[in-house]
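Student: Could you take me slowly through one part of this structure, the aromatic rings that pair with each other? I would like to see how each ring is placed and what lies around it.

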Amino acid sequence: VECEVSSQVEYQLQAIWGVSIRELHLALWKPWSALRDASLNGTLLQGNAQYFTPPRSRQPHGEETLRLSLPAPELELGTPPRLCYPLVIFLTRTDTRELHPDETVALVNVVHIKDSVCTLPTSILAQYLKQANGQLSCLKQLYLATGNSTNYDEMGVSSGLGPALALAEPCPNNGSNTRDALVASGAGDSEGSLWNSAGEQLCVVCQYFPLSRALLPCRHTCICASCFGKLDRCPMCRSPIKSYFCIRGEEYMPPEKEINSCKQRARTQASHWLHDWNDRLTDFLGFTR
């Protein structure tokens, strides 16, 4: 398995093969200190996995391709529904500085590997972020206006530490279950997508301002801040808009006073046009003003 990895901090990478699904989720909800110590001591998921690749300590680096090889002829995963994940990749911070409670301290990648029993393409099944305060979040893909999300089958397995262009949803603590580009426009943009001279994809509604808001819960990233206030449904899938979050700055928007001034000017122009049209109609019908 080849992984595209980048990191802005010192970290340790460890691949664990044939991991018990239940034990993995129990381990992920442990306090960060316990998870870190188990990872650094080599006791992480001991007794609950089939094979362990020796951990690799790395300094911060840009995107690199790392190859992970199974240290045995094959995994014994049984027939579906399976109780084991084929591969789990842990990227754990090792820098010793004091961390803010909200900082990301580990990225966990759950990977499916195609075999003769389960022939689905090799891909990332789930990605989890662990924060220093113990919070666990699941990364979800965004969908850009082109309609393409990240294509793991074509791009390979991507992972990294640091902020991600993806939606991190908190996981419920029930024991059962942002810049490295985890989301891109994908291969082969549709002909309908528009871009400005700065290389920014434009809002699908006004086609003037760059898109900047990801809509929830559908996660389509297709509109600008100006058009957001005019819509109650996603223009891509028509699902109701419950909330949103920004994927980029919205400095392109004019100040609020200027927006209000433009609106007032537009209302005044419309009023003058209506009065003028009314006068012309009155003269045409022969009525006295």
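Tutor: What follows is a close look at the aromatic pairs, one pair after the other. Please keep in mind that this is a predicted model. When the whole structure is searched, two aromatic pairs are found. One of them joins Tyr 208 and Phe 209, whose ring centres are 5.0 Å apart and whose planes stand at 75° to each other, an arrangement that is edge-to-face. The two partners differ in how they are covered: Tyr 208 has a relative accessibility of 60% and therefore counts as exposed, since exposed means over 50%, whereas Phe 209, at 17%, counts as buried because that value is under 20%.

The other pair is made by Phe 228 and Tyr 244, with centres 4.5 Å apart and planes at 55°, so this pair is tilted; an angle over 60 degrees would be needed for edge-to-face, and one under 30 degrees for stacked. This pair links distant parts of the chain, as Phe 228 belongs to helix α4, residues 225-228, and Tyr 244 to strand β15, residues 243-246, with the two positions 16 residues apart in the numbering. Phe 228 is buried, because its relative accessible area is 19%, while Tyr 244, at 32% relative accessibility, counts as partly exposed. Phe 228 has a further neighbour to look for, because Arg 213 lies over the face of its ring, at 5.0 Å from the ring centre.

Technical notes:
Residues numbered from 1 in each chain as written. Predicted model: local features only at pLDDT ≥ 70, side-chain atom pairs only at ≥ 80, totals over all residues. Heavy atoms only, no water. Phe/Tyr/Trp six-rings, centres within 6.5 Å; stacked < 30°, edge-to-face > 60°. Buried < 20%, exposed > 50% of the residue type's maximum accessible area, 1.4 Å probe, protein only. Helix = DSSP H or I, 4+ residues; strand = E, 2+ residues; numbered from the N terminus. Lys NZ or Arg CZ within 6 Å of the ring centre and 35° of its normal.
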